[in-house]
Amino acid sequence: MMRAASGGRARELVRTGVYVYLAFPVLLFFLGWCRWYIGIPAALITVYAVLLCQKEHRMGYIAEDSGTNQPENGIRCRAATGTWWKVAGTWWKIAGIVGLVLLWAGLSGIGGYVWQNSDHPIRNQIFMQLIEAHWPVVQELESAAGTRGLVYYLGYWLPAAVAGKLFGTAAGWAVQYVWAVVGILLMYALLCMHRKKISVWPLLVIIFFSGTDAVGMLLREPEKFHLIGTLSLDEWFGYYQFSSMTTQLFWVFNQAVPAWVLCALVFLEEKPRNLLFASSLIILTSTFPFAGMLPFVLYFMVTRAPWSTAKEAAGQMLQIGKECWKNWGSLQNVLGGGTVAVICGIYLAGNDSVRGSLQRFGTGGESLSGAGTVWMYVIPVCVALAGILAACAGVWILTALILRGWGRRLKKMALMLGGIAVCLRILTIETELSPLRYGIYLLVFYVLEAGLLLAVLYPSVEDKRLFALNGIWLFVIPLILVGKANDFCMRASIPGLFLLLLWSIQMLERSKKRWPACLLLVLLLIGALTPMHEMARTIVNTQAGLENQTAEAERVLRGNNFSGSAEGFFWKYIAK
């Protein structure tokens, strides 16, 4: 009884920490950037939604502590009972985990304690402006650019910026590093809860997890490849990239760490009544990963909801609608998730890159370079709008059709539309490559980055529908282009790659056959070359004494990727 009670408290503490970690930047944004009569109610709604999410799980803890729910879904607290050497062994494991995370985050360059990759200077300048300028960050430029506002997924830096304002810049840099460490530890704590034990080896899998980038580099540019080197092997394909876990941390930590925390929360059995609100909390920190997570969130909302009443009344649309509302229509999802999504969405919509993309197919916007460019933007936008409408208004109708036996027809329709979208995307690529050659390149990229792992993992994955969804989604993501760069491919793929990581850990731990596990281990060892190169580059450049840089201030407020006109809706009606 003591062990169950202690385990329940540990799980409740971890889940509370996860929601506080995800919600705290959003609260700072509401209170620091929005007018008081908007920001204060929005912050109160967010706090109330967090409390409701905790309440959803608290009854499960109480049932388990009373002995009515014997299967334990969390950390088995070995410190409560057992001999002294077992207790000491558990604490040594925890110390090893914390030490590895401190070292991993330290080598990434977060906080500026070692050499940083080329993506850091602009992020350093964003962070400095958040410390030095009044919130919201707005500046009137001398040229025709007019008044500009900082519009970016800046949530990660807000807690550290507050520390910098209160205690000085050095404290801000330190908190930025600590915030990453805390996020990684919370993500790993959720994994330990799911596995019901504390181990060190899964953390090593996380640190060194990657696709077989080394094989791609060896095939495409063999003269550049070295077994021990400092190249960024993720960039072997050129057009697209699926980043390793270490590459994500070393280059885009501000998006990656919050996304990892949410991925662990969603993939490891979060309840449908919390899913929409929990996912909305990373819009301000990890916009592209949020988009990449949406298909999985919708999938889990359907598959994890109890449908007993709906199945018995499959022909009664009204009853099915009531059942859907009972499963999904919680205050935290509707009110909390809606508040966060609307305010953060309006803010990010003012980014000039977003507005420029929309203008390309809007009336009165920039001129188009051809029908191909239209399809390049229309397809992903239509897919996104369809997904939002299905989640908010028509999902109960879709569920009713599935329960009536329309599942196969819907699958065929989805495959047909998906095939058309893929063909249109490949045929309208504006590169020097022919469509056929580009298609072959894309297939090779997919096989090396995800396909080989999917093939090896298939026998051990229990949920084949989720497996199919992830495999198809990872293939579709490179076909979606937002803006002029491949950022969407690199960042929207984070949830899908994280799911591959979880399946890999599961297979190494549970596989009863040796040869699939050995084959997976070979792929993981080849993939480990990518993070090893990333770490080696940091160590070599740090030893060489290369200094970290901070970009010019005007590059932020003049750059379309980081700012927008301060004449938009958010700045007129919501911002202070």
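The legends below describe close-up views of a predicted model.

**View 1. Helix α9, a kinked helix of the predicted model.**
Helix α9 runs over residues 245-267, and a kink of about 130° is centred on V252 within this helix. A straight helix of 23 residues would span 33 Å at 1.5 Å a residue, whereas the end C-alpha atoms of α9 span only 17 Å.

**View 2. The surroundings of helix α9 and the residue E269 that follows.**
Because 23 of the 23 residues of α9 are buried, this helix is largely enclosed by the rest of the structure. After α9 comes E269, a residue whose phi is positive, with a value near 80°.

**View 3. Helix α22, whose span agrees with the expected one.**
Helix α22 covers residues 529-543, and its 15 residues should span 21 Å at 1.5 Å a residue, which agrees with the 21 Å between its end C-alpha atoms. Among the buried residues of α22 are L529, P531, M535 and N541, and the buried residues also include H533, E534 and R537. G545, which follows α22, has a positive phi near 80°.

**View 4. Two stretches in which pLDDT stays under 50.**
Over residues 1-5 pLDDT stays under 50, and for these residues the model has 10 contacts beyond four places in sequence. Over residues 310-314 pLDDT also stays under 50, and here the model has 9 contacts beyond four places in sequence. Where pLDDT is low, the predicted coordinates should not be read in detail. For the protein chain, the mean pLDDT is 81, and 75% of the residues reach 70 or more.

Terms used. Residues numbered from 1 in each chain as written. Predicted model: local features only at pLDDT ≥ 70, side-chain atom pairs only at ≥ 80, totals over all residues. Heavy atoms only, no water. Helix = DSSP H or I, 4+ residues; strand = E, 2+ residues; numbered from the N terminus. Expected span 1.5 Å × (residues − 1). Bend = angle between axes of the 7 residues up to and from the residue. Buried < 20%, exposed > 50% of the residue type's maximum accessible area, 1.4 Å probe, protein only. pLDDT = per-residue confidence, 0-100. Contact = heavy atoms within 4.5 Å.
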